[in-house]
Amino acid sequence: AMISHINVLLCGEVDAVCPETGELVEVKTCTERKLPDRLCFGWTQSFLAGVGQLHFGLRDGEGVVHKTTTMKVEDAVRGAKYWDPAGVMGLMGGVIRWVVGSVPEGYSGTLLYMGEGEILLSAQEDGENFLPEWYTSALRN
């Protein structure tokens, strides 16, 4: 995917395929009251992975799903009260630009936000790169 003019390798997990349309489906659960908040997460994950439908199981306080709702990913934006797709992508782009500018090339390990502006970089002990050399070489060309 291209985020903020940077090629990003994403790994998406797909929950289901709609048998009628063949469209990919993301399945989430939440309470009906939390649905507007969960739309942001569902939209972001699905948009980036190319998933076309969001299917929410609406559960009670005991975790039992009593109702479901299905929507197209692009329709999730209509339910947004406190977030904006451009803002979400802008934030992601800012984080990715920071990582590209701050993390040394060839770094392999963990990047963890500790809060209050502190970021911890922890190198992978075996020194192995996460991505194989043939892949990273192809990205550079």
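**Figure 1. L121 in strand β8.** L121 lies in strand β8 of this predicted model. The relative accessible area of L121 is 36%. L121 therefore counts as partly exposed, since that class falls between the buried limit of under 20% and the exposed limit of over 50%.

**Figure 2. A nonpolar surface patch that includes L121.** L121 joins W98, L111, Y113 and I119 in a nonpolar patch on the surface. Together the five side chains' residues, W98, L111, Y113, I119 and L121, have about 460 Å² of accessible area. Two elements, β7 (109-115) and β8 (118-123), each give two or more residues to this nonpolar patch.

**Figure 3. Secondary structure of the protein.** Four helices and eight strands are present. From the start of the sequence to its end, their order is β-β-β-β-α-β-β-α-α-β-β-α. Of the contacts between residues at least 6 apart in sequence, 45% link residues at least 24 apart.

**Figure 4. Dimensions of the C-alpha trace.** The C-alpha trace spans about 50 × 40 × 30 Å along the principal axes of the protein. Its radius of gyration is 18 Å, whereas a compact globule of 141 residues would have a value near 14 Å.

**Figure 5. Surface and burial.** The protein exposes about 9,800 Å², and 56% of this area comes from carbon and sulfur atoms. Of the 141 residues, 23% are buried.

Conventions. Residues numbered from 1 in each chain as written. Predicted model: local features only at pLDDT ≥ 70, side-chain atom pairs only at ≥ 80, totals over all residues. Heavy atoms only, no water. Patch = residues over 30% accessible without salt bridge, like charges linked within 9 Å, V, L, I, M, F, W, Y side chains within 5 Å. Areas by Shrake-Rupley, 256 points an atom, 1.4 Å probe, with all protein chains shown as cover. Salt bridge = Lys/Arg side-chain N within 4 Å of Asp/Glu carboxyl O. Buried < 20%, exposed > 50% of the residue type's maximum accessible area, 1.4 Å probe, protein only. Rg over C-alpha atoms; globule rule 2.2 N^0.38 Å. Contact = heavy atoms within 4.5 Å.
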